[in-house]
Amino acid sequence: MKDMNQNSLAVSQSRAFAGATFMVLGGVAFSLLNVATQWLTMTLAFPPASAAFWQYAFAFLFSLPFLRKAGLSAMRTSYPWRHVVRVVFAALGVVAWVASLASVPIWQAIALVMTSPFFIVLGARLFLGERVGAARWAATAVGFSGAMIILQPWSDSFTWAALLPVLSALLWGASSLITKSLTGIEKPETITLWLLVLLTSINGGLALAAGLAVPTGATLALSLLAGLLTVVAQYLLTLAYASADAAYVQPFDDLKLPLNVLAGWLFFGYAPAGYLWLGAGLILAASLFIMRNEMRRERQTASA
């Protein structure tokens, strides 16, 4: 019995660590993706709707070898409408997000999209039946507080365009919850491919309605890079949700804020004033706390 408990503990610890690791790596990929998208839409003035379409069109092309390896069976599902609803939420979130990156600095957009954990943690409790304890709520609140300290929405520099990431957070939160519900019944390959196929179609319609622009030169290179990073980031996100509870891994998503602040400073010279590092420190502390608390809880459960 002792050996069985030790084995169970090792598995649970490895799943907690894997979920956190996949989420952090996904955050790195998303940070690089945001740099490419903002350069494309803000610096090169490429239309946001067209940028969103080409990003996912190229992502789909990059996924073709993956689709060939997995076979057409990877697209087989018993829950097509759940995939459709998930991707509609995601597509609308992408449009709002790309539009925000054309108007506000990366660090400001990321700070506002950090409201997503509230939507996800609450939704995980209401719709997925996940247990959301005081530690998880506290970590989410501390991470969000760190984001607000960095953003300072009460300052004169705040603009209404910055609320677009909040809309993205709500839409992506809903999409993430559906993704989590699918991870127990679908393969990661199926979840990722359905996202890419449907997002390309939906974003194509939105881009045509706004007047489709065709990338060339630098805009083409950035669109290709965005497509590749999209495939990598989405797959890592799916693996994170497949490894652990949505309410557990979500606070690690807050690490995208300091990562994007750094990316904005390196590539665009954005240097947000105020208590930047205090906010980033709160976010990092919240993520590390929830990971240690989760592993301790799993250890207590395994030894009981």
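The following legends describe close-up views of aromatic pairs and of one helix in a predicted model.

**View 1. Aromatic pair of Phe53 and Trp54.** A search of the whole structure finds three aromatic pairs. In one of them, Phe53 and Trp54 meet edge-to-face, with 4.9 Å from centre to centre and 65 degrees between the planes. Phe53 and Trp54 are both buried.

**View 2. Cluster of Phe53, Trp54 and Phe58.** Phe53, Trp54 and Phe58 are linked into a cluster by ring pairs. Within this cluster, Phe53 and Trp54 form the edge-to-face pair shown in View 1.

**View 3. Aromatic pair of Trp97 and Trp172.** The ring centres of Trp97 and Trp172 are 5.7 Å apart and the planes lie at 55 degrees, so this pair is tilted. Trp97 belongs to helix 3 (residues 80-101) and Trp172 to helix 7 (residues 164-183); the pair therefore ties together parts that are 75 residues apart in sequence. Trp97 has a relative accessible area of 8% and is buried, whereas Trp172, with a relative accessible area of 24%, is partly exposed. The two descriptions differ because buried means under 20% relative accessible area.

**View 4. Helix 3 and its buried residues.** Helix 3 has 22 residues, which at 1.5 Å a residue should span 32 Å. The C-alpha atoms at its ends are 31 Å apart, in agreement with that expected span. Buried residues of helix 3 include His83, Arg86, Val87, Ala90 and Ala91. Also among them are Gly93, Val94, Ala96 and Trp97, together with Val98, Ser100 and Leu101. Of these, Trp97 is the residue paired with Trp172 in View 3.

Note on methods
Residues numbered from 1 in each chain as written. Predicted model: local features only at pLDDT ≥ 70, side-chain atom pairs only at ≥ 80, totals over all residues. Heavy atoms only, no water. Phe/Tyr/Trp six-rings, centres within 6.5 Å; stacked < 30°, edge-to-face > 60°. Buried < 20%, exposed > 50% of the residue type's maximum accessible area, 1.4 Å probe, protein only. Helix = DSSP H or I, 4+ residues; strand = E, 2+ residues; numbered from the N terminus. Expected span 1.5 Å × (residues − 1).
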